[in-house]
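Me: Hi! I've just opened this one and could use a friendly tour. Can we start with a strand pairing?

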Amino acid sequence: MPRVYEPLTEELLREADELLPTLIRNALIGIYIIQDDLFRYVNPRFAEMFGYAQAEICGRLGPTALIVPEDRCKVSEAISRRIHHGADTAHYTFRGRRKDGSQIELEVFGNRTEFDGRPAIIGMLVDITARGTAERTAREQLHFIGQLIEAIPSPLFFKDEQARYLGCNKAFEAFLGKPREELIGRSVFDISPPELAARYHEADQALFDHPGVQTYEALVSSADGQNRDVIFNKATYFKSDGSLGGLVGVITDITDRKQTEALIWMQANYDPLTGLPNRRLLNDRLAELMKQSHRTHDCVAVMFIDLDRFKEVNDTLGHEAGDRLLVEAARRIVSCVRESDTVARQGGDEFTVLLPGLADEAPIERIAEDIIEALAQPFQLGHDIAYVSASVGITLFPKDAETPADILKNADQAMYHAKDEGRNRFSYFSPRMQEAALQRLQLGKDLRHALDRGQLSLHFQPILRLADGHFHKAEALLRWNLPSRGFVSPAEFVPVAEELGLIDTIGTWVFRQAIDMVARWRATVSPELADSLQITVNASPRQFAKGRSLAVLLDELIERKVPGTCIAIEITEGLLLDEHPSVTAQLARLSAAGIQISIDDFGTGYSAMAYLKRMDIDTLKIDRSFVRDLTTDPSDLAITEAIIAMAHKLDLEVVAEGVESEAQCERLAAAGCDYGQGYLFSPPLPEDAFFDYIARHRP
């Protein structure tokens with residue numbers, strides 16, 4: 001049978017006389033009795049709370065004496081409700097005033113009772129000053145934390161251990177476009193698309209399984225409906241008992257940064273004009289293809305493409321038209337290759353094509369021919385039409401080289417060989433090209449020191465008037481005697497000088513040497529004979545484009561007091577097409593100084609007759625290729641006669657170069673040619689021998 005416990009009420013009542021003194025003497029709770037608006041009794045702890053002795057309070061002070069003025073009304077009303085209005089109990093807090101004037105915070109538990117037949121209040125008083133201070137501090141800290149969370153510009157959220165939202169800041173509400181009331185108590189499955197929610201939940205669970213910190217990138221659907229790139233930084237927190245409380249997370253929106261990084265990567269790896277990979281990305285892809293080739297034993301074909309005569313389009317139609325041509329050229333090249341191939345822009349008018357997996361010549365050549373044919377078609381540039389062609393160099397990996405740099409260098413050399421062979425064609429790389437390139441490199445090194453070492457000199461080839469055989473003109477021809485290999489042909493070293501930017505320095509030296517020779521000649525003969533000699537000096541188009549040697553020529557003539565008529569400048573036909581204001585102005589300035597302008601190798605280039613009329617031209621020189629077969633090829637004779645007749649109609653004189661036989665001389669004279677130059681009359685001579693020749697052939 002279960003034990004039955006009797007009520008303890010009667011027993012406690014019998015022992016109350018002993019329990020009550022113990023309660024009254026406790027050191028924690030103040031006990032008081034109020035009757036007739038006075039404290040009839042307070043225990044020692046009550047008196048101690050206010051800094052009084054019991055005797056100073058009991059029967060002497062009323063409640064209001066121990067209450068700060070601001071709380072007296074509240075306490076008086078609470079007492080009145082129990083004394084006069086029959087309320088049995090009261091529980092409230094107030095601020096008490098101690099004997100020394102300081103304040104304490106108190107909590108009251110009061111009960112209505114009666115003594116001597118009159119109403120009274122008996123109650124307990126607890127000092128809660130420390131607790132109140134702690135609660136205020138806690139509230140201030142919570143308020144500060146709340147303000148801090150709201151002030152954080154990045155979206156912030158926190159969840160419980162079930163990954164349900166407990167709260168967030170305003171930035172998180174704005175980011176998702178939802179008020180926090182719609183988030184609290186819900187999970188990611190309630191607010192995110194299913195595919196994203198699954199990822200978020202998986203990440204949260206991984207963090208709960210291994211508490212600590214977690215950082216990862218993800219896509220988040222934002223308030224505008226767009227997916228944003230973000231970084232999640234999350235960490236777990238724990239309850240006071242040490243159990244997992246949940247997690248707090250901060251979202252950093254990196255969409256703009258990602259877009260900027262992508263833009264920077266594009267700018268670093270793609271050509272902004274054509275949209276093709278640039279040289280940097282080309283090198284990366286070539287290196288990767290070469291690695292794959294080592295594993296698969298496949299070949300990689302590399303094409304280097306240069307647009308022939310692109311500079312003429314740029315100079316005549318302007319850079320905007322040139323840019324449009326490059327964009328269209330890039331599109332045409334891309335259309336000729338496979339999707340797996342890479343077309344890159346090296347810079348300027350140069351393109352490179354990577355063809356992985358091709359070793360047979362047939363498909364490589366078919367692609368090269370397609371590219372050449374596509375680029376040979378006319379380019380519609382606004383209201384203008386332009387024509388270019390393509391020179392293509394081809395090299396193979398691993399057959400021709402082992403490094404990306406060598407592969408590209410070989411393709412470049414093959415492209416230049418295609419140009420040398422006449423342009424508008426392709427050429428494969430061969431070891432001979434490498435040897436020629438090395439020789440060209442060494443030639444450039446030697447040429448840089450040729451002037452300082454006195455290796456350059458001028459020879460002079462007489463030009464005779466065919467009507468009477470009298471000597472009136474000579475052409476100054478540059479010679480280079482390189483000790484390691486002897487005389488180097490101008491056809492070999494002049495292009496190198498142009499590429500290295502040495503042509504202006506060398507041209508200036510040639511002008512000065514020619515003027516010096518004329519000045520020395522004028523000092524040894526009569527004025528009549530002196531004025532009859534004219535030296536023709538060749539000028540490179542580069543000297544007209546950017547050089548100072550033409551200005552030096554004019555300054556030297558003035559300083560040496562040599563008439564401009566004693567000097568003639570010989571230029572190529574190609575320069576006539578360059579109607580750049582600076583070129584036209586320089587030709588006009590030379591003509592104004594009395595310097596005659598001669599067109600070299602006339603008939604082998606553009607032969608643009610209109611330019612002869614518009615520009616200050618004095619002499620045409622018929623190319624030796626026509627003179628060579630003058631007596632055996634009727635076509636060459638017809639062309640020569642036509643050039644002479646046309647020149648005379650334009651009041652131009654004609655010089656035929658490469659005259660080597662009497663028969664050629666007679667045909668030229670019969671056709672009315674003014675002057676002849678060639679080994680029939682004399683080879684190029686050094687200055688002393690040239691002066692002797694002049695002395696023997698004076699009129």
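Reply: Happy to. Glycine 96 has isoleucine 104, in strand β4, as its bridge partner. Keep in mind that this is a predicted model.

Me: How many bridges hold β3 and β4 together, and in which sense do they pair?

Reply: There are nine bridges, and the pairing of β3 with β4 (residues 103–115) is antiparallel. The two strands make a hairpin with five residues between them. In that turn, glycine 101 has a positive phi of about 90 degrees.

Me: Which side chains of β3 are buried?

Reply: Ala90, Tyr92, Phe94 and Gly96, which point to one face of β3 (residues 89–97). Thr89, His91, Thr93, Arg95 and Arg97 point to the other face and are not buried.

Me: What order do the strands take in the sheet?

Reply: The order is β2-β1-β5-β4-β3, five strands in an open sheet with antiparallel pairing. β2 (38–42) and β3 are the edge strands; each has a single partner, so one side of each lacks a neighbour in the sheet. On average, neighbouring strands here are turned by 30 degrees against each other, ignoring direction.

Me: And what joins β4 to β5?

Reply: 10 bridges, with β4 and β5 (residues 118–127) running antiparallel. One example is glutamate 114, whose bridge partner in β5 is proline 119.

Me: Which helix packs on that sheet?

Reply: Helix α4 (residues 69–84) does, touching β1 (30–35), β3, β4 and β5. The direction of α4 makes about 150 degrees with that of β3. Helix α5 (residues 129–151) also lies across β4 and β5, at about 130 degrees to β4.

Me: New topic: which residues touch the most other members of the largest nonpolar core?

Reply: Ile535, Ile569 and Phe690, in a core of 75 residues. Helix α17 (residues 503–524) gives the largest share of this core, 10 residues.

Me: What is isoleucine 535 in contact with, leaving aside neighbours within four places in sequence?

Reply: Its contacts include Phe460, Ala514, Met517, Cys566 and Phe690. There is also a second, separate core of 35 residues, with Val353, Leu358, Leu375 and Ala390 among them.

Me: Why would such side chains gather inside?

Reply: As a general tendency, nonpolar side chains in soluble globular proteins are buried together.

Me: You mentioned a cysteine. Is cysteine 566 buried or exposed?

Reply: Cysteine 566 counts as buried, because its relative accessibility is 0%. Cysteine 299 is partly exposed, with a relative accessible area of 24%.

Me: How many disulfides are there?

Reply: Zero, from a search of the whole structure.

Technical notes: Residues are numbered from 1 along each chain as its sequence is written. This is a predicted model: local features need pLDDT of at least 70, side-chain atom pairs count only at pLDDT 80 or more; totals for chains, interfaces and linings use all residues. Side-chain values use heavy atoms; hydrogens and water are left out. Buried means under 20% relative accessible area, exposed over 50%, partly exposed in between (1.4 Å probe, protein chains only). Helices (H or I, at least four residues) and strands (E, at least two) are DSSP runs, numbered from the N terminus. Two strands pair if DSSP finds at least two bridges between them. A disulfide is a pair of cysteine sulfur atoms within 2.5 Å. Axes are lines fitted to C-alpha atoms, for helices over the stretch in contact, and angles run from 0 to 180 degrees between N-to-C directions. Contact means heavy atoms within 4.5 Å. A nonpolar core is a set of buried Ala, Val, Leu, Ile, Met, Phe, Trp, Tyr and Cys residues joined through side-chain atoms within 4.5 Å.
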